[in-house]
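Here are my notes on the model, as numbered points. Please read them with the structure open.

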There are 2 protein chains.
Amino acid sequence: MDELVARKISEPPSVAAWRNAAAEAAAAAGDGDALELVELFFFAYRDFVGDADRLLENYGFGRAHHRVLHFVNRRPGLTIAALLDILRITKQSLNRVLKQLLEAGFVEARAGVVDRRQRLLYPTPKGAALARDLAALQSARFLKVMDELPPAARGAASKFLFAMIDSGERERVRAHLAYAKAAGAAT
Amino acid sequence: MDELVARKISEPPSVAAWRNAAAEAAAAAGDGDALELVELFFFAYRDFVGDADRLLENYGFGRAHHRVLHFVNRRPGLTIAALLDILRITKQSLNRVLKQLLEAGFVEARAGVVDRRQRLLYPTPKGAALARDLAALQSARFLKVMDELPPAARGAASKFLFAMIDSGERERVRAHLAYAKAAGAAT
DNA sequence: CTATTTACGTCAACTATATTGACATAAATC
DNA sequence: GATTTATGTCAATATAGTTGACGTAAATAG
């Protein structure tokens, strides 16, 4: 273990190059403010997921189950491949969690009609109910925040969050939101 | 495993009660918008931590090391207890990660002067440099976001994130930020 | 001064979530 | 008919967390 650490702590040359670039970029402006935002983002996310975690415990599920159930509910008929693409995990990792959701009757899979190799995922009524409860908890936090915020700041939240996403990812996220909205899979 | 799931999926009575309350609260307003915010928050956080993850890989460290190094750098002289309080993990979990940071020379511990049982944690120069690089990456994302955002929306980000934190936690977070700022542990 | 509490470390077993790599199968497509 | 695609599965491993039990040195209360 000492060896493992010792072998890896020396700084590779490739890092040194853009280390300076990044450091300079941030040092250029008042970094203190940005650092505060970094920490606020950390604390905000911690509490945000905490809500759902507590509810999930009652079902013996974890965050991984939540994510799967959420996206299946949001886009009924989702394929495995599409889900893997959203979650960015391996199929082996997805399978463990998905299998539990299927066996417990929160999600069901039907063979694709156009391509029968595909497994189209749908929430069961029970699954949809849990997904709705989880979404309600997290939505409630946002709604409360909007209420606390000065009106002028309310519209800024979604713009801010969207801008925080990798620019190369934004189009995909936009497409996902549009698809979900069109599918009418609200709450 | 089937039994394990079967045993836990029946909904406990305590849940049913506030399930409705939460569902109603969210259903009361246009939930669709809030759902979008939920997903944007998820994607934004994913990309936000991704930056640091890639840099950490070069050192054989993970997110857990990052969090420890970050807060030690931000508040030099931090005690174990204070760190546990911020991270909300067990001492056993902290210890594994902290030990690696100590052995690899990124953090050092000195006995407390007023209370010699305490171990005061400080970043080494090497640790401070890595912390600065990591912070620079994440700060850079925020700075870029601020640049992309309409000027009117810029001030809203920190208000929004702060409002997303559990109300019972805000005072502690405020205290942490004030302490860090006063300690002058910038970047 | 003794007793207790506090701050921290450590051993062990276990869980959840992820990974890589290899191989299997059925359906679609060339 | 051969190949590619969508998915499932077995096995080994890593990381980050948990609970529980026990140890030790220093501070503090009586």
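1. First, a term. A polar contact here is a pair of N or O atoms within 3.5 Å. One such pair joins S93(A) to DNA strand C: a polar side-chain atom of S93(A) lies 3.5 Å from a sugar or linking oxygen of the strand. Keep in mind that this is a predicted model.

2. Stay with DNA strand C and chain A. Q92(A) reaches a base: one of its polar side-chain atoms lies 2.7 Å from a base oxygen of DNA strand C. R63(A) uses its backbone instead, with an N or O atom 3.1 Å from a phosphate oxygen of DNA strand C. Both chains supply elements to this surface. Helix 4 (63–74) and helix 6 of chain A, with helix 5 (80–87) and helix 6 of chain B, give two or more residues each.

3. How many residues surround DNA strand C? There are 25, and the closest are R67(A), Q92(A), K91(B), R117(B) and R119(B). Of the atoms of DNA strand C that come within 4 Å of the protein, sugar and phosphate account for 62%. By class, the nearby residues divide into 11 charged, nine polar and five nonpolar.

4. Now DNA strand D. It is surrounded by 25 residues. K91(A), R117(A), R119(A), R67(B) and T90(B) are the closest. Sugar and phosphate make up 59% of the atoms of DNA strand D that come within 4 Å of the protein. The surface near DNA strand D has 11 charged, nine polar and five nonpolar residues.

5. Which atoms of DNA strand D do K91(A) and R117(A) approach? Base oxygens, in each case. A polar side-chain atom of K91(A) lies 2.5 Å from a base oxygen of DNA strand D. For R117(A), the distance from a polar side-chain atom to a base oxygen is 2.4 Å. A81(A) makes a backbone approach: its N or O atom lies 2.9 Å from a phosphate oxygen of DNA strand D.

6. Check the helices around DNA strand D too. Chain A supplies helix 5 (80–87) and helix 6 (91–103). Chain B supplies helix 4 (63–74) and helix 6 (91–103). Each of these gives at least two residues to the surface near DNA strand D.

7. Last, the protein interior. The largest nonpolar core has 102 residues. Those with the most contacts inside it are F41, F160 and L161 of chain A, and F41, F160 and L161 of chain B. Take L161(B). Leaving aside neighbours within four places in sequence, L161(B) is in contact with L37(A), L40(A), F41(A), A44(A) and F160(A) in chain A. In chain B, L161(B) is in contact with F41(B) and F142(B).

Definitions and conventions. Residues numbered from 1 in each chain as written. Chains lettered and ligands numbered in written order. Predicted model: local features only at pLDDT ≥ 70, side-chain atom pairs only at ≥ 80, totals over all residues. Heavy atoms only, no water. Core = buried A, V, L, I, M, F, W, Y, C linked by side-chain atoms within 4.5 Å. Buried < 20%, exposed > 50% of the residue type's maximum accessible area, 1.4 Å probe, protein only. Contact = heavy atoms within 4.5 Å. Near = heavy atom within 4 Å. Polar contact = N/O pair within 3.5 Å; in protein donor to acceptor, adjacent residues only side chain to side chain. Helix = DSSP H or I, 4+ residues; strand = E, 2+ residues; numbered from the N terminus. Nonpolar A, V, L, I, M, F, W, Y, C, P; charged D, E, K, R; others polar.
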